[in-house]
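Reader: I should like a close examination of one part of this model, the central region of its sheet. Please describe how that part is placed among its neighbours and what packs against it.

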Amino acid sequence: MKQIVITVILCATALIALRIAVPKPEQKLSVIEAIHSRRSIREYKDTPVEREKLLTVAKAGIAAPNAMNRQAWALRLVDSKEWIDACTAVYVETIKGTPMGDHLLVDGFKNMFRNAPAVIFVAAQPSAYAGVDCGILGQNIMLAAYELGLGTCCLGSPVGFMNSEAGAKFLADLNLPEGYALQFAIAIGYPDQSPEAKPRDESKIAFVE
């Protein structure tokens, strides 16, 4: 009997410890934890992203610090499958037979935005600070999306296409302010993969004595 009681007590203690050690679903990651655990996602579920969430991450984006608070950026959110498919169809014709085409046009290819069901285009008024401002904005978006259970991938290749003659119609659809230029696009959706972290070269960090 004594052995049974001891066993029960030990089991109860272990269960209590387990409950304490395992984070509750409602607990959120710290900013530093989110930065280190977020991954670029290149496989997505077909599940549409709620517009409320798209708006939430966009607002997090424009909360970014920027030079002289000019806020000289513009975001365009696209969740229309018809638009994404039409844009992709033209894009595919421009990359067939190229190294980019060989890289992207493989089994499972659905669209040019890593098969994501939505995409956020980031544009800015050209200046010495545009790249920095939009880079911070983009990181805000990707971290906010991660907190909401969404995956993201920052894409540069769509910019070249949109600025080409073939992509001019789709660039016009974005209705950007006059003089603004696309900086990058962010694929966004519910992730269908969990990639491992890539090694980081910490020798790039050094104190100046």
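Author: Two strands are taken to pair if DSSP finds at least two bridges between them. In this predicted model, strand E2 (residues 118-124) and strand E4 (residues 181-189) are joined by seven bridges and run antiparallel. Strand E2 is the part on which this account will dwell.

The setting comes first. The chain comprises eight helices and four strands, and its elements follow one another from the N terminus as α-α-α-β-α-α-β-α-β-α-α-β. The four strands form an open sheet in the order E1-E2-E4-E3, with antiparallel pairing. Strand E1 (73-78) and strand E3 (151-155) occupy the edges; each has a single partner strand, and therefore one side of each is left without a neighbour in the sheet. Direction ignored, neighbouring strands of this sheet are turned by 20 degrees against each other on average.

Strands of a sheet pair, in general, through backbone hydrogen bonds, and the pairing may be parallel or antiparallel. Within the order E1-E2-E4-E3, E2 stands between E1 and E4. Towards E1, six bridges join the two strands, which run antiparallel; here Val 78 stands opposite Val 119 in E2. Towards E4, Phe 121 has Ala 185 as its bridge partner, while Val 122 has Phe 184.

The burial of E2 may be considered next. A residue counts as buried when its relative accessible area is under 20%. Seven of the seven residues of E2 are buried, and the strand is therefore largely enclosed by the rest of the structure. For the chain as a whole, 33% of the 209 residues count as buried. In a regular strand, side chains alternate between the two faces of the sheet. In E2, Ala 118, Ile 120, Val 122 and Ala 124 point one way, whereas Val 119, Phe 121 and Ala 123 point the other way, and all of these are buried.

Phe 121 also takes part in aromatic contacts. A pair of aromatic rings is described by the distance of the centres and the angle of the planes. The model contains five aromatic pairs. One of them is formed by Trp 83 and Phe 121, an edge-to-face arrangement with 5.9 Å centre to centre and 75 degrees between the planes. This pair links distant parts of the chain, for Trp 83 lies in helix H4 (residues 81-95) and Phe 121 in strand E2, 38 residues apart. Both Trp 83 and Phe 121 are buried. Ring pairs link these two residues with Tyr 91, Phe 113, Phe 161 and Phe 170 into a cluster.

A helix also packs on this part of the sheet. Helix H3 (residues 51-61) lies across E1, E2 and E4, and runs at about 165 degrees to E1. Helix H3 packs, in addition, with helix H6 (residues 130-147) at an angle of about 145 degrees, the axes being 7 Å apart, and H3 passes H6 in a right-handed crossing. In this contact Val 57, Ala 60 and Gly 61 of H3 meet Leu 137, Asn 140, Ile 141, Ala 144 and Ala 145 of H6. By class, the residues of the contact are six nonpolar, two polar and no charged.

Across the whole chain, of the contacts with a separation of 6 or more, 82% are between residues 24 or more positions apart.

Methods: Residues are numbered from 1 along each chain as its sequence is written. This is a predicted model: local features need pLDDT of at least 70, side-chain atom pairs count only at pLDDT 80 or more; totals for chains, interfaces and linings use all residues. Side-chain values use heavy atoms; hydrogens and water are left out. Axes are lines fitted to C-alpha atoms, for helices over the stretch in contact, and angles run from 0 to 180 degrees between N-to-C directions. Contact means heavy atoms within 4.5 Å. Buried means under 20% relative accessible area, exposed over 50%, partly exposed in between (1.4 Å probe, protein chains only). A crossing is left-handed if the near helix is turned anticlockwise from the far one by less than a right angle, and right-handed if clockwise. Ala, Val, Leu, Ile, Met, Phe, Trp, Tyr, Cys and Pro count as nonpolar, Asp, Glu, Lys and Arg as charged, and the others, Gly among them, as polar. Rings of Phe, Tyr and Trp (its six-membered ring) pair if their centres lie within 6.5 Å; planes under 30 degrees apart count as stacked, over 60 as edge-to-face and the rest as tilted.
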